[in-house]
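Hi,

Here is the structure I promised to pass on. Have a look through it first, and my notes follow below.

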Amino acid sequence: MSGVTPIMSRPIVTLTQHIHEQQRRFPVATGDLSWLLSGVALATRIIESYVRRAGIAEVLGEVGTDNVQGERVQKLDLLANETILRCLGYREIVGILVSEEDEEPTLVMQPSDGGKYIVLFDPLDGSSNIDVNVSIGTIFSILRCDENDQGPDSAVRNCLQPGVRQVAAGYVVYGSSTVMAYTTGEGVHMFTLEPSIGAFVLQSENVRMPESGKTYSVNEAYRDSFSRGVQDYLAWTKTKEAGGYGSRYIGSLVADFHRTLLKGGVFLYPATAKNPSGKLRLLYEANPIAFLAEQAGGVATDFSGRIMEKKPDSLHVRTPLLIGSKNEVERVMEFVGRE
Ligand code: AHG
Ligand code: MN
Ligand code: MN
């Protein structure tokens, strides 16, 4: 059958091989990056093994404390956090680790001693879905340390870089299968975890987000506290003129974004009365997801400007997020622009 490559004859490329191929072709992906990404892959394979057995591994439920975000900490949040710290904390090129679960950054190595990179991560995204067996994920973002800034509080200052400075970003979604998507600025590449060999195997390269999509993803319980423009957009989607929209909301950013990346549409988490600056965190949720969206031809904004140009003023700063297909984000912004 000409033209169609039967699955069985497709080459089997692991994440490690793919990263080496990337670094051979693109100077940006140095050997360091492959060492870092392989550390992330190791951590997410361990997290996946717990997620798959959560009910019997006794990692369901709350720890009984709140984190820096003021949110109840789930056992799996802590386990995922410790796993990433243990997998990345001993990689000699890691300078600083920033986690959603830890108020302060973890200093691993001074830039002058070789700690060249900062890894920022949400160890477990979608915690409210853990106990009900709904897709959850891990999100990561990689920045370079400013080796000239060695002052006393340089660690936090080093982390407060806009998203355009990311050298790599990605997520792993623990769903019906476990899928990793990553970018080093040369397109978005997707891998599926092959459990029998414990390796992420290439599923698709240079993933492109559809330019349009009649699916919106938002928690409509907060509708009354959205801005007028957002409320008008949501009302418009239900009109005959709109031509039939669907609504999908999983409540895990990674899963809602993964669907948007593959099928098109738009995800919105606007400012609300409960979270007047938005709920999602800029450094380790919005920025990495925005990097992937832009690399796939999508758009990511905070309803006024480009997410990746925002200068963070603190580690856990939150932001409103509007992300998805180019044409759909533009349509939402038309309503927002009329406010
Ligand atoms: P996390 O579990 O890391 O705190 O993230 C949860 C976030 C995000 O995954 C999701 O899009 C959003 O919270 C859902 O918030 P609501 O429950 O307010 O809709
Ligand atoms: Mn999250
Ligand atoms: Mn989280």
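How many residues of domain 1 are in contact with domain 2, and how many of domain 2 with domain 1? Counting them up gives 50 residues on the domain 1 side and 33 on the domain 2 side. Before going on, please keep in mind that this is a predicted model.

As for where those domains lie, the domain assignment puts domain 1 at 6–204 and domain 2 at 215–337. Their centres, taken over C-alpha atoms, are 23 Å apart. Together the two domains bury about 2,900 Å² between them, with 66% of that on carbon and sulfur atoms.

There are polar links across the interface too: 15 residue pairs are in polar contact there, both partners at pLDDT 80 or more. On the domain 1 side, the elements giving two or more residues to the surface that touches domain 2 include β3 (94–99), β5 (117–125) and α4 (154–159). The salt bridge count between the domains is one.

Now the metals. Asp 122 (OD), Asp 125 (OD) and Glu 285 (OE) coordinate the manganese ion (ligand 2), at 1.9 to 2.1 Å. Along the sequence, these donor residues follow the spacing D-x2-D-x159-E. Asp 122 also coordinates the manganese ion (ligand 3), which sits 3.7 Å from the manganese ion (ligand 2).

Are Asp 122 and Asp 125 buried or exposed? Asp 122 counts as buried because its relative accessibility is 0%, and Asp 125 counts as buried because its value is 4%; the cut-off for buried is under 20%.

Cheers

Note on methods: Residues numbered from 1 in each chain as written. Chains lettered and ligands numbered in written order. Predicted model: local features only at pLDDT ≥ 70, side-chain atom pairs only at ≥ 80, totals over all residues. Heavy atoms only, no water. Donors = N, O, S within 2.8 Å, 3.2 Å for Na, K, Ca; no water. Buried < 20%, exposed > 50% of the residue type's maximum accessible area, 1.4 Å probe, protein only. Domains from an automatic or database assignment. Contact = heavy atoms within 4.5 Å. Buried area = accessible area lost by both parts, 1.4 Å probe. Salt bridge = Lys/Arg side-chain N within 4 Å of Asp/Glu carboxyl O. Polar contact = N/O pair within 3.5 Å; in protein donor to acceptor, adjacent residues only side chain to side chain. Helix = DSSP H or I, 4+ residues; strand = E, 2+ residues; numbered from the N terminus.
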